[in-house]
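Colleague: I've just opened this one and I don't know where to look. Could you walk me through it, one feature at a time?

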Amino acid sequence: MYRQIINELNQFLNFINIPGIPLNPDAFQGVLVKKLSNQNIIKDKRRINAGDIVSTVNQTHIDITGRQGMLFFFEELNNTTTSVQSIDIDLYDNNLKYLHEIDHASSQIDAKGNTYFVRQTTNLPPFLSNWDLTLHSSAYKKYGHTGDQVQINIPDSEEAFTRLQRYSFQDDALVMLRYDYLRYVAVLVPSELCANLYSITNTHGNQNINFAALNPAYNPVLAHQIQYETISKDVNYDDIDAITLQNTLNNNPGAGTDIEKIVKSRVSQGSFRRLLLLECHQCNLCDISTTSVLRASHIKEWSESSREERIDANNGLLLCANHDALFDRHLISFEPNTGNICISASIDSNQRKALNLSESANLSMTDRMKSYMQIHHKKFIEKENQ
Ligand SMILES: [Zn+2]
């Protein structure tokens, strides 16, 4: 994911004819992609530094909320002794001039009479000469807020970052690359040019943080943690969608199996699957590791699982499409104590061979997996005895 985003950025920089060596993924510790929303567009919006008599300088700011975003800036946010910290943010050379040239914003009035701004053209400038724009702004963790957040304050001035923000529009992406703990580079990508970036990073606009990823080579543990937290939130989100659909189904029993299918696939093929892919990279029964045919089976059936059980990785088994189908229909199961495979008598030896089912297959399970498997195995036995 991290490298994918860097690749996309390189394509963007190449697209706007910024010469030079492509961004080297290894040069950065991480990347944060923030889709700008109404709340964090800074265009002509200033803040008086309230309560500070001496410093009455106007400020613009961007709030970074969400656990992943905070981890991206400060790795020890839980350490309450962390003092106010400053970080340096540099602009990627040329980016500002590029934005200036495409930004012929004009105001228009919507149906409700509200003024909004549109960017008239994204015609690309022929070639951009070097602009050496470097500035320093400060970012610090703001205490006393409900919920943690990082607030990046930029003094009101002609400084480049402030101007960069004035050019920003809703749905543009602010991409920050982290050199090290205190130094960052910012690139603003206009929304018209970042559809692919969003498709990589979309995590339901999680509190305005689209994606924060650390370079796994820099800090594998934290990189995993950030990704894991993103995906867990994602799973929760999918789960809420699925519950809404389930309620619809309950209220309209006639709606039938289509909704039921959607409910199941929302969770089993969505983020729950990605959660399992983090732990395991191939089918538990064969060597298939092609992700497009890997499915996330719930061991205890989704419809019978609680909210927590639905997103519990212990309740998941990564299987290829064929093995998933067999497991889902209780044509195979695993003996909870030994982990030995149980294959339905209805599948003859030819089909066992064709389906790549080995009678000596064994699954090693955590204790919690075993308790879920007990339920699955019981159904398997019942079905066999019918
Ligand atoms: Zn398989």
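Modeller: Sure. Let's start with a small detail: the side chains of S305 and N315 are joined by a polar contact of 3.4 Å. Keep in mind as we go that this is a predicted model.

Colleague: Where does S305 sit in the chain?

Modeller: S305 is in the loop that runs between β12 (294–298) and α9 (307–310).

Colleague: And is S305 buried or exposed?

Modeller: The cut-off to know is that buried means under 20% relative accessible area. S305 comes in at 7%, so it counts as buried.

Colleague: What else does the side chain of S305 reach?

Modeller: Besides N315, that side chain reaches the backbone oxygen of K300, at 3.2 Å. Leaving out residues up to four places away in sequence, S305 touches K300, R310 and N315.

Colleague: Let's turn to the metal. Which protein residues hold the zinc ion?

Modeller: Its protein donors are C283, C286 and C320, each through SG, plus H323 through ND1. They lie 2.1 to 2.3 Å from the zinc ion. Along the sequence, the donor residues follow the spacing C-x2-C-x33-C-x2-H. C283 and C286 are both buried.

Colleague: How do I read the geometry there?

Modeller: The general idea is that four tetrahedral donors have ideal angles of 109.5 degrees at the metal. To be called tetrahedral, four donors need all angles between 85 and 135 degrees. Here the 4 donor atoms around the zinc ion subtend angles of 93 to 120°, so the arrangement is tetrahedral.

Colleague: Now the strands. How should I read a sheet?

Modeller: In general, strands of a sheet pair through backbone hydrogen bonds, in either a parallel or an antiparallel sense. In this structure, follow an open sheet of 5 strands, in the order β4-β10-β9-β1-β11, with mixed pairing. Its edge strands are β4 and β11 (211–214), each pairing on one side only. From one strand to the next, the twist averages 20°.

Colleague: Which way do the pairs run, parallel or antiparallel?

Modeller: Take them in turn. Strand β4 (residues 88–91) pairs with β10 in the parallel sense, over 4 bridges, and D88 stands opposite R183 of β10. Strand β9 (residues 173–178) runs antiparallel to β10, with 6 bridges joining them; there L174 faces L188 of β10 as its opposite residue. Strand β1 (residues 30–35) is also antiparallel to β9, again with 6 bridges, and K35 stands opposite A173 in β9.

Colleague: Which helix packs on that sheet?

Modeller: Helix α1 (residues 2–15) does, touching β1, β9, β10 and β11. The direction of α1 makes about 60° with that of β10.

Colleague: Why is β10 described as largely enclosed?

Modeller: Because 6 of the 7 residues of strand β10 (residues 183–189) are buried, the rest of the structure largely encloses it.

Colleague: Is there a residue in β9 that I should click on?

Modeller: Try R178, which is in that strand. At 0% relative accessibility, R178 counts as buried.

Colleague: Which polar partners does the side chain of R178 have?

Modeller: A polar atom of the R178 side chain lies 2.4 Å from the backbone oxygen of F72. The R178 side chain also makes a polar contact of 3.2 Å with the side chain of Y218. Among the residues that R178 touches are F28, L71, E75 and Y184, with neighbours up to four places away in sequence left out.

Colleague: What about backbone angles: which residues have a positive phi without being glycine?

Modeller: Two to look at are H330, with phi near 55°, and N356, with phi of about 60°. H330 lies in the loop between α10 (321–328) and β14 (332–334), while N356 is in the loop between α11 (349–354) and α12 (367–385).

Colleague: How do H330 and N356 compare for burial?

Modeller: H330 is buried, with a relative accessible area of 9%. N356 counts as partly exposed, at 48% relative accessibility.

Colleague: To finish, how many helices and strands are there in the protein?

Modeller: The secondary structure comes to 12 helices and 15 strands. Of the 386 residues in the protein, 47% are buried. Taking contacts between residues at least 6 apart in sequence, 69% join residues at least 24 apart.

Technical notes. Residues numbered from 1 in each chain as written. Predicted model: local features only at pLDDT ≥ 70, side-chain atom pairs only at ≥ 80, totals over all residues. Heavy atoms only, no water. Donors = N, O, S within 2.8 Å, 3.2 Å for Na, K, Ca; no water. Tetrahedral: all angles 85-135°; square planar, octahedral: opposite > 155°, others 65-115°. Buried < 20%, exposed > 50% of the residue type's maximum accessible area, 1.4 Å probe, protein only. Helix = DSSP H or I, 4+ residues; strand = E, 2+ residues; numbered from the N terminus. Pairing = 2+ DSSP bridges. Axes fitted to C-alpha atoms, helices over the stretch in contact; angles between N-to-C directions. Contact = heavy atoms within 4.5 Å. Polar contact = N/O pair within 3.5 Å; in protein donor to acceptor, adjacent residues only side chain to side chain.
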